[in-house]
Amino acid sequence: MAATPLLSGEDTTTPLHGVVVIALPDHADGGGRDASPRSEAPAPAALGRAWRLLRLATAPLVVLAAFAVAAHCYGLYSFSFSGEEDWKWGEGRASSFLLPLHPKPKPAAAGVKAAAAERDSTTAVLPERQYYTSVNIGNPARPYFLDIDTGSALTWIQCDAPCTNCTKGPHPLYKPAKENIVPPKDSHCQELQGNQNYCDTCKQCDYEIAYADRSSSAGVLARDNMRLVTADGERENMDFVFGCAHDQQGKLLDSPASTDGILGLSNGAMSLPTQLAKQGIISNVFGHCIATDPSSSGYMFLGDDYVPRWGMTWVPIRNGPEDVYSTIVQKVNYGGQELNVREQAGKLTQVIFDSGSSYTYFPHEIYTSLIASLEAVSPGFVHDKSDQTLPFCMKPNFPVRSVDDVKQLFKPLLLHFSKAWLVIPRTFAISPENYLIISDKGNVCLGVLDGTEIGHSSTIVIGDVSLRGKLVAYDNDENQIGWAQSDCSRPQKASMVPFFLSKALRSQLL
C-alpha cells in the first residue's frame, strides 16, 4: 500500500524584521548649550516595534517549553545525548517495512452448516474473522498468506517434508532443501526447546505449538531467505528461521484454508520482529492498523517509522513467563457503569492484546455483568437462544441490516488503566461497532465471549473484533504498548513535531 503523506497548507505568515530606533534629545542652538529636557512620551510606532520584537524573542522559548512539558507528560519522545553533536530524536534504524492486511473471507453458509453438523447442536459455531498478510520466502521468493498473531512467537508455513496433516491452502506447500533444515545445535533451536529436548544425534530441530482453541501445529525448523520491500520501494533480503509445518490438528485443518500458516509477532525470541531486530534491520517495534469496516483492509508495519510520535496512549508491558503482550487494567466500564473487576486471590486482572484471536474475551464475572447490563438497557431486544452464531444474541423488535442501525443504542466498553503521572487518564475504548456483530438472522450478537472457555478465568483478551479502527504499536525496545484512533486507510511516516507546535514554530521562527 503506497504511503501518501498529508501535506499541510502553505504558511503565509510574513516574517517580522523590526528595528528599534532610540531618539536622542535635540539641541536648541548650535552653541553647545544643553537644551531644556523634554518629557515627551515614546512614539507609538517605536513601542509597537519593541513589543513585536519582544514577542519574537520569547515565542520560541514558550513553544519549546510547551513541547517539553507535553513530551514529558505523555512520553512522546525519546532522545539520547552522548556528545556535543550527537543529539538525535528517537532511536529509529535504517529500515521500516509496510505490509498490507486483508480480512479472511466469511465461510460459505454451506460450510458453516457442515461444520455445525459435526458438533453438538448446543455449541455455537463461531465465525472466524482473522486478518492475514503476504510474505515472500525462498529462493526464488514465493508468496505465502499468513495470519498475523501477536499471541505467539513462531512463524510456520505448511510444508512438504512430507506433510502428514495439511489442508489445501492458497499456495503450494513450501518444500525445503536439505540445507534449509535447522540442526539441533543451532541457537534458534536451543532458544525454542531449551535444554529439555536436546538431541545430540538428531539431524533436525522438531517443534510443536498448541493454541488456546486446542488446535496445534508440529514440524521442524527451517531457515530460508525472506524478502521484504521498504516503504521507499527497495527490496531487502534477510535470513529468517520459521516452522516447516507438516502436522496440523484442530481448526487448523479446516479446508479449504485461506492462508498458508501463521506469522508469529509476540515478544518471544523466535518472532519475526525480534529476529529482524537482532540482525540490525529494524528497531524491535511493529504495529498494525485494522479498518473499522470488517470487509475493509488495513496494514501492518515492521520498524518504528510509522509509529505516531504524538497522540498515542502508552501502557507498560507486563513481564511474565509467557511471550505475550499483556498489561494490567484497573477497571472496566460499560459506558458510565462499572463492571466488577476485583482482585481474585491477590491476582491482578491482565489484558492481553492478541491479533490471533477473532474475538475479545472477558473473565466470567465481568462477562456476566456485561450481559446483565445489555439486557437492562435494551428493553426492545430479546435473548434469542436459537441463534447459534455466537453465545449471546439478541433479537430486536425492528429490522437490522448492519451495526450502524443499532450502535447508537449501545454504549462503549472502556478499559481504564493506571493514570500516567497520576493525573493523565489512559483508556482503551471499544465502541459498539467493535464488539457487536449482526448475524444472518438479523440478530445483534455480542463479540465478547466468556474467557473461561479458553482457560482465561482472570484475563481479558482483546481480539481482532476490538482492535479495529485503531493503530496499535508494540514497542519491545521500550517495553510498552500504545494505540491511537485511526481510519487505517493511509499509512504515514511519523512527524517528529506535532501539528500545533510545528505551526507555531513555522510562524515564529521563519
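Which residues form a nonpolar patch on the surface? W421, L422 and V423 do, and together they have about 410 Å² of accessible area. The model is predicted. Its protein chain comes to 7 helices and 28 strands.

**Surface patch**
- V423 sits in the loop between β21 (413–420) and β22 (424–430).
- The relative accessible area of V423 is 61%, so this residue counts as exposed; the cut-off for exposed is over 50%.
- W421 and L422 join V423 in the nonpolar patch.

**Whole chain**
- The protein chain has 510 residues, and buried residues make up 44% of them.
- About 26700 Å² of the protein chain is exposed. Carbon and sulfur atoms supply 53% of that area.
- Take the contacts with a separation of 6 or more: 70% of them are accounted for by residues 24 or more positions apart.

**A four-stranded sheet**
- One open sheet has 4 strands in the order β19-β20-β24-β23, and the pairing is antiparallel.
- Its edge strands are β19 (381–383) and β23 (436–438), each of which pairs on one side only.
- On average, neighbouring strands of this sheet are turned by 35° against each other, direction ignored.
- Strands of a sheet pair through backbone hydrogen bonds, in parallel or antiparallel fashion.

**The β19–β20 pairing**
- β19 and β20 (residues 393–396) run antiparallel and are joined by 3 bridges.
- H383 has M394 in β20 as its bridge partner.

Terms used
Residues are numbered from 1 along each chain as its sequence is written. This is a predicted model: local features need pLDDT of at least 70, side-chain atom pairs count only at pLDDT 80 or more; totals for chains, interfaces and linings use all residues. Side-chain values use heavy atoms; hydrogens and water are left out. Patches are made of residues with over 30% relative accessible area and no salt bridge: like charges are joined within 9 Å, nonpolar side chains (Val, Leu, Ile, Met, Phe, Trp, Tyr) within 5 Å. Accessible areas come from the Shrake-Rupley method with a 1.4 Å probe; for residues, only the protein chains shown count as cover. A salt bridge is a side-chain nitrogen of Lys or Arg within 4 Å of a carboxyl oxygen of Asp or Glu. Helices (H or I, at least four residues) and strands (E, at least two) are DSSP runs, numbered from the N terminus. Buried means under 20% relative accessible area, exposed over 50%, partly exposed in between (1.4 Å probe, protein chains only). Contact means heavy atoms within 4.5 Å. Two strands pair if DSSP finds at least two bridges between them. Axes are lines fitted to C-alpha atoms, for helices over the stretch in contact, and angles run from 0 to 180 degrees between N-to-C directions.
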